[in-house]
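Please open the model in your viewer and keep the sequence beside it, so that each selection below can be followed in turn.

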Amino acid sequence: MRNSFISLLMLLLLPLDVAAETVGMPFLRLNAGARGAALAEAVTALPDAEAASANPAALRTDGRRTLAFTHVAWIQSIRHDYLSALFAGKRSTWAVTAQLSQADDLERRTGPTTDPLGSFGVYDGAVGLSYARVWTTYLRLGGSVRLIRQAIATRTATGAAFDLGALRSLGDYLHLGFAVRNLGGMSALGESATSLPRSGRLGLSYTRLPHLLVSGEIQRARGSSTSLHLGAEWTATRRLTLRAGYQTTDSRHLSAGLGLKTERWSVDYAFVPFDSGLGEAHRLSLQLHRH
């Protein structure tokens, strides 16, 4: 079983095109919640993920229903908003998601000029459905589908993206996760179509240390180099969790955050500084839980 699982992972990785090219809608590569951002996106092998997780197979199966909202103040006045509803059972879980990325008041030019010709906005949105199921005692499988709409100034395009994921338990405290994200395509926006940020992710998480979770993963993404992501989460008290992460992406490396929770709700925050004077991103997630 284990050899077959590893063979499946390698087979799914092979079609990934990582040649340098212009790739659009980078928000589709990000994990929606603040927890994932604080852990430097090392979330593919977490066994209790949020509704908009990077790995659909990792969605929680604890029997709770969760309504979540995340707001992201990204760099260069870009904003991301996520809304999700998760319906978890003991063996299967459904999730409905919606996300919007927008940037307003961008200067319009047709060449090098002192004064812009005007301004325009960029709006990318998606609505999706995810499903995860406990396939065997040690294996969970999942998938997601998202319908996407892109608008730049007066031009629009539509498309669809698909995610596939697997989560395998290697023991009581060790999990192996794998996901292929953003398979699919877009219609033409003007003369050409925007390429989706297709990626493959392979990660491990370990929870044996007292009050500490550590996770790591490798991401291989279309249009960019392979990156390493490491994250740690320390449960300081029953209500407070502290997080930190490191990643080898081109524009950002360190991240940090915290989480506060009660039986009914939880609040997570993440801070991600960027290199080259680009600024920093702030991410805030609110979740309401119900049994």
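**From a strand pair to the core**

Begin by selecting A73 and R79, for A73 stands opposite R79, a residue of strand 2. The model you are looking at is a predicted one.

Next, extend the selection to residues 65-73, which make up strand 1, and to residues 79-88, which make up strand 2; these two strands pair in the antiparallel sense over nine bridges. Between them the hairpin has five residues, and among these Q76 takes a positive phi near 55 degrees.

Keep strand 1 selected and add residues 280-290, which are strand 16: the two run antiparallel and are joined by nine bridges. To find one such bridge, select A68, whose partner in strand 16 is Q287.

Now colour the two faces of strand 1 separately, with T66, A68, T70 and V72 on the covered face, and R65, L67, F69, H71 and A73 on the uncovered one.

From here, turn to the largest nonpolar core, which has 24 residues, and select M25, W74, I148 and L196, the members that touch the most others. Helix 2 (34-38), strand 6 (155-169) and strand 15 (265-273) are the elements that give two or more residues to this core, and helix 2 gives the most, with three.

Which residues does I148 touch, leaving aside those up to four places away in sequence? Select I148 and display its surroundings, where its contacts are M25, L28, G125, A126, A157, T158, G159, A160, A161, M186 and L196.

Finally, select L59, L86, A88 and A132, which are among the six residues of a second, separate core.

Terms used: Residues are numbered from 1 along each chain as its sequence is written. This is a predicted model: local features need pLDDT of at least 70, side-chain atom pairs count only at pLDDT 80 or more; totals for chains, interfaces and linings use all residues. Side-chain values use heavy atoms; hydrogens and water are left out. A nonpolar core is a set of buried Ala, Val, Leu, Ile, Met, Phe, Trp, Tyr and Cys residues joined through side-chain atoms within 4.5 Å. Buried means under 20% relative accessible area, exposed over 50%, partly exposed in between (1.4 Å probe, protein chains only). Helices (H or I, at least four residues) and strands (E, at least two) are DSSP runs, numbered from the N terminus. Contact means heavy atoms within 4.5 Å. Two strands pair if DSSP finds at least two bridges between them.
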